[in-house]
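Q: Please take a close look at the salt bridges of this model. Which side chains pair, and where do the partners lie?

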Amino acid sequence: MNHVEIHTDGACKGNPGPGGWGVLLKSGSSEKELFGGELATTNNRMELTAVIEALSALKRPCQVSLYLDSEYVRKGITEWIHGWKAKGWRTSTKQPVKNVELWQRLDQLASGAGHRIEWHWVKGHSGDPGNERADALANRGVEQALGRRR
């Protein structure tokens, strides 16, 4: 199984507002950068989209070390999702889970694609090189969504 190191981040200018997502994938000496954005979105949606796009880019099952600065995504996929699924995609207060279509897609990729994923939280904007690059890519995604070139 190939080992892939992934760094993801989301950005939003206003919440909601124009947003972007960024991904840095590293395997051996190879690196790949991905980014994109949307005009009307939220920071949480962009954080989720970054991880979904990263895992979607993998062509075969991999051993993944995934670094992200979103506790919402990390705790959602490792802790909260089990209860949500058991309750028919409802929260503990019986409300519909926000961003349910993204959570369902992430669940499919994380548990159904054969990857072995280690989820690592890193503090954002604290000098972590992978997180800083993913953040810069997410900001490029915002600019792209706004129709600007960077």
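A: The account below treats the salt bridges and the partners that form them. The model is predicted, so that local features need pLDDT of at least 70 and side-chain atom pairs count only at pLDDT 80 or more, while totals for chains, interfaces and linings use all residues. Residues are numbered from 1 along each chain as its sequence is written, and side-chain values use heavy atoms, with hydrogens and water left out.

A salt bridge is a side-chain nitrogen of Lys or Arg within 4 Å of a carboxyl oxygen of Asp or Glu; by this rule there are seven salt bridges. One of them joins Arg 133 to Glu 31, with an N to O distance of 2.9 Å. Arg 133 belongs to helix α4 (residues 129-145) and Glu 31 to strand β3 (residues 30-41), so this pair ties together parts 102 residues apart in sequence. Helices (H or I, at least four residues) and strands (E, at least two) are DSSP runs, numbered from the N terminus.

For accessibility, buried means under 20% relative accessible area, exposed over 50%, and partly exposed in between (1.4 Å probe, protein chains only). Arg 133 is partly exposed at 31%, and Glu 31 is partly exposed at 47%.

A further salt bridge links Asp 107 and Lys 85, at 2.9 Å from N to O. Asp 107 sits in helix α3 and Lys 85 in helix α2 (residues 71-86), 22 residues apart. Asp 107 is buried at 14%, whereas Lys 85 is partly exposed at 39%. Finally, salt bridges with shared partners join Glu 31, Glu 33 and Arg 133 into one network.
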